[in-house]
Amino acid sequence: MDPRRSIPRTDAVLADPWLAGAVERLGRSRVKAAVVEAQARARTGEIAPDDVAAAAARSLPQRATSLRPVLNATGVVLHTNLGRAVLSAAAIEALQAAAGATDVELDLATGRRARRGRATMAALAAAVPDAGAVHVVNNGAAALVLAATALAAGREIVVSRGELVEIGDGFRLPDLLESTGARLREVGTTNRTTLADYRAAIGPETGFVLKVHPSNFVVTGFTAAVDVAALATLDAPVVVDIGSGLLAPEPLLPAEPDAATALRAGADLVTASGDKLLGGPQAGLLLGTAPLVERLRRHPLARALRVDKLTLAALEATLTGPATPTATALHADVSVLRERASTLAATLRAEGIPAAAAPSVGGVGGGGAPGVVLPSAAVALPAAWAAALRAGDPPVVGRVERGALLLDLRCLPADLDDVLGDAVRAVAAREATTREDTAAGAADACTS
Ligand SMILES: *Cc1c(COP(=O)(O)O)cnc(C)c1O
């Protein structure tokens, strides 16, 4: 009998329990396409007819998103390529709750329309009592764009030459600001800017004075910059881009500016990111005097920059909830990290895996606190294992340094050490097989 006649029909294959579950997760058309492709392979004899359902299953992803959860073993707390801040369990629960129909703009008591995101704004205002009003937009860049558009389009933004920074990925704040139709009035030099420089530039064309925290580099030596309190004596509104999103001083990072201190020093408006040191979802925070913030909130552009209900939910939970994973990683006790690294390395070594505990140096990341090093601890493995670990399930991203792959434990909760260990075991097993194959191949080559 022609084996191709025994190829199961599409409906029969789709009745397979795993594939039926996949239809729920991925949609019928995608799963059906995978089945049709597997049937075609069976028809050519590439796979057995009995293997159609399994082959279709193998070709389908676990989830409808291709974004994969990754173990951040880099030691960099806010890794831009890994999505910056990790949300707390509370924030994740909040965004799940908000994912369906939700009362984001409805007062359930009266049945009337209510102010969008009111509880999130209240939480932000409560966290920074020095702000007369607050608003939230899509990200830090959007906060700056809204401020520049509403307060300085067609006019001048007075800014120090030492603060015209590139944020990353080729995006430069001066270009961003000028894209709004505001003109930059650069004052001072790269290393030194004085209050007199600002004063000389301020006039009828001034929209505002901008102070940008140079968050991803440091200038040392013969330098001078003007602090917010001094800028506040000038006859112009002062906007301060603090970048990191610290709402109050963080003793561990004395050089990082925070919103409360900037406002108390006299800033009219502070802009910041939500997914850096604040430890929340991507968002742009605007905190300042009530009239200024209200002007921004009412500007037509505000609608184009507004955040969705998921962001509002996660931000509220970040502001009101337990310590964020960002704060936990930042404050992790290095002696505890060392203990975890030795335990994990010893366990792996006892299984014949070439692992060793090693000191490591992490950082804040996310373009923040460039001079700050966070002493840490890692499990060191052969550098050649880095690619295999990234390709694993879950993918593990470490750092290759001095010829070794370092898996830094600072950004991993302790309850993931077992998961990390299993990921290493999987790669070690594959490496051992490859070595045997290579050895066998070499032996064959010798005998022939
Ligand atoms: C990160 C950063 C930005 C950009 O914020 P996003 O949230 O990434 O848009 C702007 N200014 C400073 C000083 C920053 O550190």
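For sorting residues, Ala, Val, Leu, Ile, Met, Phe, Trp, Tyr, Cys and Pro count as nonpolar, Asp, Glu, Lys and Arg as charged, and the others, Gly among them, as polar. Sorted this way, the shell around the ligand in this predicted model comes out as two nonpolar, six polar and three charged residues.

And who sits in that shell? The residues around the ligand are Arg84, Asn139, Gly140, Ala141, Ile167, His213, Ser215, Asp241, Gly243, Ser273 and Lys276. Under the definition above, Ala141 and Ile167 are the nonpolar pair, while Arg84, Asp241 and Lys276 carry the charged label. Several of these residues put polar side-chain atoms within reach of the ligand. For Asp241, such an atom lies 2.5 Å from a ligand nitrogen. Ser273 has a side-chain N or O atom 2.6 Å from an oxygen of the ligand, and a polar side-chain atom of Arg84 is found 2.9 Å from a ligand oxygen. On its own, the ligand has 380 Å² of accessible area, and the protein covers 93% of that. As for where the shell comes from, helix H7 (140–152) and strand E11 (238–243) are the elements that give two or more residues to it.

Zooming out, the domain assignment splits the chain into domain 1 (3–59), domain 2 (71–78 + 328–447) and domain 3 (88–322). Domain 2 is thus written as two stretches of the chain. Taken over C-alpha atoms, the centres of domain 1 and domain 3 are 52 Å apart.

Strand E11 turns up again in an open sheet of seven strands, ordered E5-E13-E12-E11-E10-E6-E9 with mixed pairing. Here E5 (133–137) and E9 (183–187) are the edge strands; each has a single partner strand, so one side of each lacks a neighbour in the sheet. From one strand to the next, the twist averages 25 degrees. Inside this sheet, E6 (residues 156–160) and E10 (residues 206–212) run parallel and are joined over four bridges, with Glu156 standing opposite Thr206 in E10.

There is also an open sheet of five strands, again with mixed pairing, in the order E2-E14-E15-E18-E17. Its edges are E2 (76–78) and E17 (399–401), and because each has a single partner strand, one side of each is left without a neighbour in the sheet. Neighbouring strands are turned by 45 degrees against each other on average, direction ignored. E15 (residues 374–382) pairs with E18 (residues 404–408) in the antiparallel sense, over five bridges, and Leu381 stands opposite Leu405 in E18.

Terms used: Residues are numbered from 1 along each chain as its sequence is written. This is a predicted model: local features need pLDDT of at least 70, side-chain atom pairs count only at pLDDT 80 or more; totals for chains, interfaces and linings use all residues. Side-chain values use heavy atoms; hydrogens and water are left out. Domain bounds come from an automatic or database domain assignment. A residue is near a molecule or strand if one of its heavy atoms lies within 4 Å of it. A polar contact is a pair of N or O atoms within 3.5 Å; within protein, one must be able to donate a hydrogen and the other to accept it, and residues adjacent in sequence count only if both atoms are side-chain atoms. Accessible areas come from the Shrake-Rupley method with a 1.4 Å probe; for residues, only the protein chains shown count as cover. Two strands pair if DSSP finds at least two bridges between them. Axes are lines fitted to C-alpha atoms, for helices over the stretch in contact, and angles run from 0 to 180 degrees between N-to-C directions.
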